[in-house]
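Hi everyone, thanks for coming. I'd like to walk you through one structure today, a few residues at a time. Have a look at it on the screen, and we'll go from there.

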Amino acid sequence: MQGMLLGDVFPNFEADSTFGQMKLHDFLGDSWGVLFSHPGDFTPVCTIELGRAAQLSPEFSKRNVKLMALSVDSLQEHHDWSKLVMSLHEPGSQFPFPIIADDRRELVEKLGMLDPEEKDRNGMPLSARCVFVIGPDKKLKLSILYPATTGRNFDEILRVIDSLQLTAHNRVATPVDWRPGNSVMVPPRIPETEAATLFPAGIYTKDLPSGKK
């Protein structure tokens, strides 16, 4: 399903993973989800990305977010790779989230995850570094697509989830470089009188040369 739009219900796919057979919606339950894809197992950037995600797994859990990785390698390769990752980053620990096997490339094609510029030794396109954030309602809340040559910033993914969860329950928007605890913005569609009622602790405005606030 290429060209998924924000607000689309995410496909309830079934797949083999290092945690066993999984059906996406059942796996997520009432949680948020992050599905992120990799060009290939045992590659340098993917290995340190997976290690960073494993290190940050408790932070995602605090936010009621379940992580899932995916690449076009076999289930056995995923098991071997996850052991390697943990030996580098947290020796003796179990890998904390499932890695989905897609060696038939069914999911990466269905979800539009391929990078046509980067190919494997057989000339097949590698999976790009996609990030899909899925809400408890199973709808797509955010998608980010990195080329295979650019590693992701998982601190930024956490920041975005903080914003998504805040704005899902409050009529606010988060400004540039926002972090939890910073001021937020009142969307311009909310009249000032209504905003004053919604936010009794107070709001402030800035007058601009255009006459707008």
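Let's begin with Phe36: is it buried or exposed? Its relative accessible area is 0%, so Phe36 counts as buried. Before I go on, please keep in mind that this is a predicted model.

Now, who keeps Phe36 company? Searching the whole structure turns up four aromatic pairs. In one of them, Phe36 meets Phe154 edge-to-face, with 5.4 Å from centre to centre and 75° between the planes. What I like here is where the two partners come from: Phe36 belongs to strand β3, residues 32-37, while Phe154 belongs to helix α6, residues 154-169. They are 118 residues apart, so to speak, and the pair links distant parts of the chain. Phe154 is buried too, because its relative accessible area is 3%, and the cut-off for buried is under 20%. Phe95 and Phe97 join in as well, forming one aromatic cluster with Phe36 and Phe154.

Next, step back along the chain to Ser31, in the loop between α1 (24-28) and β3. With a relative accessible area of 8%, Ser31 is buried. Which side chain does Ser31 reach with a polar contact of 3.0 Å? That partner is Asn64. If we set aside neighbours within four places in sequence, Ser31 is in contact with Asn64, Lys66, Gly135 and Pro136. Lys66 has another role in our tour: it lies over the face of Phe27, 5.1 Å from the ring centre.

For contrast, let's visit Arg104, in the loop between β5 (99-101) and α5 (106-110). Arg104 counts as exposed, because its relative accessibility is 69% and the cut-off is over 50%. Its C-alpha atom is separated by 7.0 Å from that of Val72, although the two residues are 32 apart along the chain.

Now a helix. α2 covers residues 44-55, twelve residues in total. From first C-alpha to last it reaches 17 Å, close to the 16 Å expected at 1.5 Å a residue. Which residues of α2 are buried? They are Cys46, Thr47, Glu49, Leu50, Gly51, Ala53 and Ala54.

Finally, let's zoom out. The domain assignment gives domain 1, residues 8-152, and domain 2, residues 170-212. Taken over C-alpha atoms, the centres of domain 1 and domain 2 are separated by 36 Å.

That's my tour, so thanks for listening!

Note on methods
Residues numbered from 1 in each chain as written. Predicted model: local features only at pLDDT ≥ 70, side-chain atom pairs only at ≥ 80, totals over all residues. Heavy atoms only, no water. Helix = DSSP H or I, 4+ residues; strand = E, 2+ residues; numbered from the N terminus. Expected span 1.5 Å × (residues − 1). Buried < 20%, exposed > 50% of the residue type's maximum accessible area, 1.4 Å probe, protein only. Phe/Tyr/Trp six-rings, centres within 6.5 Å; stacked < 30°, edge-to-face > 60°. Lys NZ or Arg CZ within 6 Å of the ring centre and 35° of its normal. Domains from an automatic or database assignment. Polar contact = N/O pair within 3.5 Å; in protein donor to acceptor, adjacent residues only side chain to side chain. Contact = heavy atoms within 4.5 Å.
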